[in-house]
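Ready for some practice in reading a protein model? Take a look at the sequence and the 3D view, and keep both at hand.

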Amino acid sequence: MIVGVTAYMLGVFAGSYFYKAQYPHRTWLVLLPVLPLIYIAATIMRHISEKDEMWRKIITEAFAFSAIATGFTCASYVFFRALGAPEFHAEWVICIMAAYSLIGMFFSGRKYFSCQEDK
């Protein structure tokens with residue numbers, strides 16, 4: 001994970017440092033950080049697959065809740081923007097997903113761990 005995050009940061013730095021509007025290779029520079037993100041996603045997937053069945057189910061439910069809730073939040077924000085809410089920036093999405101995944105982990109984990117205490 002450290003290798004992936006370091007490569008991502010270097011890709012962002014290289015893209016911003018070497019990016020010039022007149023360069024023909026500027027499109028490739030923008031895509032440079034995508035390769036480490038693919039590696040990070042594969043690392044996370046491998047980490048989840050190494051968990052036992054209960055933890056995989058908890059994490060999957062939390063991520064499903066996070067994806068659905070984030071989608072509805074972003075879609076609903078269009079209506080609030082029409083009412084004068086501040087502009088929605090794309091970098092907020094990762095923060096919203098992280099918050100919703102923590103909420104999902106809490107409720108999903110509570111459901112499975114409370115079932116074990118009852119037995």
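Below are four exercises, each with a worked solution.

This is a predicted model, in which local features need pLDDT of at least 70 and side-chain atom pairs count only at pLDDT 80 or more, while totals for chains, interfaces and linings use all residues. Residues are numbered from 1 along each chain as its sequence is written, and side-chain values use heavy atoms, leaving out hydrogens and water.

**Exercise 1. Overall form**

Find out which secondary structure the chain has, and how its radius of gyration relates to the globule rule.

Solution. Begin with the elements: helices (H or I, at least four residues) and strands (E, at least two) are DSSP runs, numbered from the N terminus. The chain has 5 helices and 0 strands, in the order α-α-α-α-α along the sequence. Next comes the radius of gyration, taken over C-alpha atoms; the globule rule is 2.2 Å times the number of residues to the power 0.38. For 119 residues the rule gives 14 Å, but the chain has 19 Å, well over that, so it is more spread out than a compact globule. Finally, look at the box filled by the C-alpha atoms along the principal axes: roughly 65 × 45 × 15 Å.

**Exercise 2. Burial and contacts**

Work out how many of the residues, in percent, count as buried, and what share of contacts is made by residues 24 or more positions apart.

Solution. Buried means under 20% relative accessible area, exposed over 50%, and partly exposed in between (1.4 Å probe, protein chains only). Of the 119 residues, 19% count as buried. For the second step, a contact means heavy atoms within 4.5 Å. Among contacts with a separation of 6 or more, 63% join residues 24 or more positions apart.

**Exercise 3. A leucine in a helix**

Locate Leu102 and decide: is Leu102 buried or exposed?

Solution. First, find the element: Leu102 belongs to helix H5, residues 92–118. Then check its relative accessibility, which is 63%, so Leu102 counts as exposed. As an extra step, go to Trp55, 47 residues away along the chain: the C-alpha atoms of Trp55 and Leu102 are 14 Å apart.

**Exercise 4. Two cysteines**

Explain why Cys74 and Cys95 form no bond.

Solution. A disulfide is a pair of cysteine sulfur atoms within 2.5 Å. The closest cysteine sulfur to that of Cys74 is in Cys95, and because it is 11 Å away, it is too far for a bond. A search of the whole structure accordingly gives 0 disulfides. Last, compare surroundings: Cys74 is partly exposed at 24% relative accessible area, whereas Cys95, at 53%, counts as exposed.
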